[in-house]
Amino acid sequence: MDNHEIIKDVPADALPETTEIVGVRFKKAGKVYFFSPGKLKLEVGERVIVETARGMEYGFVSAGNRDVPSSEIVPPLRAIVRKATAEDTDRYETNLKLEKEAFEICQKKIPEHGLEMKLIDAEYTFDNSKLLFYFSAEVRVDFRELVKDLASYFRTRIEMRQIGIRDEAKMLGGLGVCGRPFCCATFLSDFLQVSIKMAKEQNLSLNSSKISGTCGRLMCCLRYEHETYEEEIRRTPPVDATVKTPEGVGTVCETSPLTGFIKVRFGDKQSDSIKVFHRDQVTILKKSEKS
């Protein structure tokens, strides 16, 4: 659905200060796209027919009419064509049934062509002018003969799209290690970058099996509290820092950024006394070279 997105480099004097938009999704937890509502007043949950790069599509309003800074949109916005009618909804629901049938047929034809690929989903455009199949594969797949076979069977344009393992998890859904449905399949509209540094800063085990999702990639939820941890770590004296406390000068040996408490050792030996202070009670005299 790559039809319109956030834009940069638009001359400020070429646009009004704000532009009225409506946010539309095409799938649950899918990306939100901006459209021009024209004279329509739309509420969240309403169904609409919109013009996209793929042609007419059936979508769901995820954000009603609102004004946003013109610098944040791509002009000109494509338009909301109309509110979906009963006939539009019937066609949409019929397409959902046809997609299930198309999936089963393609699933049978893949082994007939001797292809090593995993079919993930099938999707019709609203006007049935194109049938898309999403698949994953470990190697490059020559699916040209399969496309010809499918085109002769369905009598429409066929498009095969290879997707990554995270997109596969989003489409298929399932339960995460937390026991809840995948975040990506329920509410995450975009995959944001997740790094091992985020796990380190949260003092989590770096065992890949404990910080990886079902898809095998780092869990998306590592990012949720990342900014909070960054801010609290910034405010907390690091381990091995020399600090002045109400009871003298010592060395930080352990920190708990979220609570704000630190443990300070008074002396150079492991057996020396350790006391707990809140970070607001101490002053950093010197950070270690490692920090």
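How many bridges pair β3 with strand β5 (residues 80-83), and in which sense do the two strands run? The answer is three bridges, in the antiparallel sense. Keep in mind that this is a predicted model.

**Around β3**

Let's stay with β3 for a moment. One of its residues, I49, has R82 as its bridge partner in β5. Strand β3 (residues 47-52) is also joined to strand β4 (residues 55-69), by six bridges, and that pair runs antiparallel as well. Here V48 finds its bridge partner in G59 of β4. The link from β3 to β4 is a hairpin of two residues.

**D88 and its surroundings**

I49 and R82 turn up again once you look at D88, a residue of helix α1 (residues 86-112). Setting aside neighbours within four places in sequence, D88 is in contact with I49, Y58, R82, K83 and F126. Is D88 buried or exposed? Its relative accessible area is 6%, and the cut-off for buried is under 20%, so D88 counts as buried.

Two of those contacts, Y58 and F126, also belong to an aromatic cluster, together with F60 and Y92. F126 has a charge for company too: the charged end of R91 sits over the F126 ring, 5.3 Å from its centre. A second case of this kind involves K170, whose charged end sits over the ring of F191 at 5.9 Å from the centre.

**Aromatic pairs**

Rings whose centres lie within 6.5 Å are taken as a pair. By this rule the count comes to eleven aromatic pairs. One of them is F26 with F35, an edge-to-face pair at 6.3 Å centre to centre and 75 degrees between the planes. Both partners are tucked away from solvent probes: F26 is buried at a relative accessible area of 8%, and F35 is buried at 0%.

Then there is F133 with F154. What makes this pair tilted? The planes sit at 45 degrees, with the ring centres 6.3 Å apart, so the pair is classed as tilted. It also links distant parts of the chain: F133 is in strand β7 (residues 130-136), F154 is in helix α2 (residues 144-154), and 21 residues separate them. F133 is buried, with a relative accessible area of 0%, and F154 is buried too, at 16%.

Here are the buried residues from this report side by side:

| Residue | Relative accessible area |
|---|---|
| D88 | 6% |
| F26 | 8% |
| F35 | 0% |
| F133 | 0% |
| F154 | 16% |

**The five-stranded sheet**

Further along the chain there's an open sheet of five strands, in the order β12-β11-β10-β9-β13 and with antiparallel pairing. Why do β12 (274-278) and β13 (283-286) each have one side without a neighbour in the sheet? They stand at the edges with a single partner strand each, so one side of each is left free of a neighbour in the sheet. From one strand to the next, the twist averages 45 degrees.

For β13, the pairing is with strand β9 (residues 242-245), antiparallel and over three bridges. Within that pairing, V243 has I284 of β13 as its bridge partner.

Technical notes
Residues numbered from 1 in each chain as written. Predicted model: local features only at pLDDT ≥ 70, side-chain atom pairs only at ≥ 80, totals over all residues. Heavy atoms only, no water. Phe/Tyr/Trp six-rings, centres within 6.5 Å; stacked < 30°, edge-to-face > 60°. Buried < 20%, exposed > 50% of the residue type's maximum accessible area, 1.4 Å probe, protein only. Helix = DSSP H or I, 4+ residues; strand = E, 2+ residues; numbered from the N terminus. Lys NZ or Arg CZ within 6 Å of the ring centre and 35° of its normal. Contact = heavy atoms within 4.5 Å. Pairing = 2+ DSSP bridges. Axes fitted to C-alpha atoms, helices over the stretch in contact; angles between N-to-C directions.
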